[in-house]
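Reader: Please take me through one part of this model closely. I would like the packing in the interior, and the helices that build it.

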Amino acid sequence: MSESNRERIIVSVGGSLIVPDQIDTTFLKHFRALILEKVAEGFSFYIITGGGKLARNWRDAAVEINAKTTTDDLDWIGIAATRLNAELLRATFADADIPEVIHNTSLRTDSNASILLAGGVRPGNSSDWAAVEAAKAVGAKKLINLSNIDYVYTADPRTNPDATKIEKTSWADFRKLIPSEWNPGLSSPFDPIAAKEAEILGLEVAVINGAKLKEFSNYLDGKPFTGTIIS
């Protein structure tokens, strides 16, 4: 398969996987190995990174110092954190000859590189939104959301014992489960604004636990996997 004919797969890597507390170098080593393995098999990726604990720590510090810190200020801190994580990932792929970290995923890219990287883009939007915009810009049909959960649930299983896992759902039904608005630090399986855009695009999103990269591999290979499909 030539570089130009590869289907671009969007991968949104939750910051909780990259920086759950400290940088998780074990996860990053395994993730790097899997991505390079799949590139050798003919896959092409556009990877978007979240901010994780790095973003939360810096945002919390700003609010502690000045309670009048604006939402835009907090967003820019989060964006900087996502881009730093993207730069970290780019460094781990240094021998793969990939371009600079992209700062605007809404723009079409003609790059034939097998791996592209980006973080957050602008205030008012999350890295999930950046990932959906990337899918729109390159014509991708699939987006994999690697997070720290096995499935999307009907409610938060940590607080609701009646919560049940969802293996497949529509965007309309999924959006009933999450808040209608997004704000910095929101904990949701997928950003509500990004969900609206993904529904319009007819995008298929697979929510998979990034700690179980074999499930990620299974999804790419069209095999049964543990996770949730939203389409």
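**Packing around Leu146**

Author: Leu146 touches a set of residues far from it in sequence: Val11, Ser12, Val13, Gly14, Leu17, Phe31, Ile208, Gly210, Leu213 and Phe216, with residues up to four places away left out of the list. The model is predicted. Leu146 belongs to the largest nonpolar core, which has 31 residues. Phe31, Phe45, Ile47, Leu146 and Phe216 have the most contacts inside this core. Helix 2, residues 25-40, gives the largest share, six residues. In soluble globular proteins, nonpolar side chains tend to be buried together.

Apart from this core lies another, of 29 residues. Ala113, Ala118, Val121 and Ala140 are among them.

Now back to helix 2. Its partner here is helix 8, residues 213-220. The two pack at an angle of about 15°, and their axes are 11 Å apart. Angles under 35 degrees count as roughly parallel, so helix 2 is roughly parallel to helix 8. Their crossing is right-handed.

Which residues meet? From helix 2 come Phe27, His30, Phe31, Leu34, Ile35 and Lys38. From helix 8 come Leu213, Phe216, Ser217 and Leu220. The residues of this contact divide into seven nonpolar, two polar and one charged. Phe31 and Phe216 take part in this helix contact, and both are touched by Leu146.

One residue for contrast is Lys196, in helix 7, residues 192-201. Lys196 is partly exposed, with a relative accessible area of 31%. Its C-alpha atom is separated by 8.8 Å from that of Ala172, 24 residues apart along the chain.

How values were computed: Residues numbered from 1 in each chain as written. Predicted model: local features only at pLDDT ≥ 70, side-chain atom pairs only at ≥ 80, totals over all residues. Heavy atoms only, no water. Core = buried A, V, L, I, M, F, W, Y, C linked by side-chain atoms within 4.5 Å. Buried < 20%, exposed > 50% of the residue type's maximum accessible area, 1.4 Å probe, protein only. Helix = DSSP H or I, 4+ residues; strand = E, 2+ residues; numbered from the N terminus. Contact = heavy atoms within 4.5 Å. Axes fitted to C-alpha atoms, helices over the stretch in contact; angles between N-to-C directions. Parallel < 35°, antiparallel > 145°, perpendicular 65-115°, else oblique. Left-handed = near helix turned anticlockwise from the far one by under 90°. Nonpolar A, V, L, I, M, F, W, Y, C, P; charged D, E, K, R; others polar.
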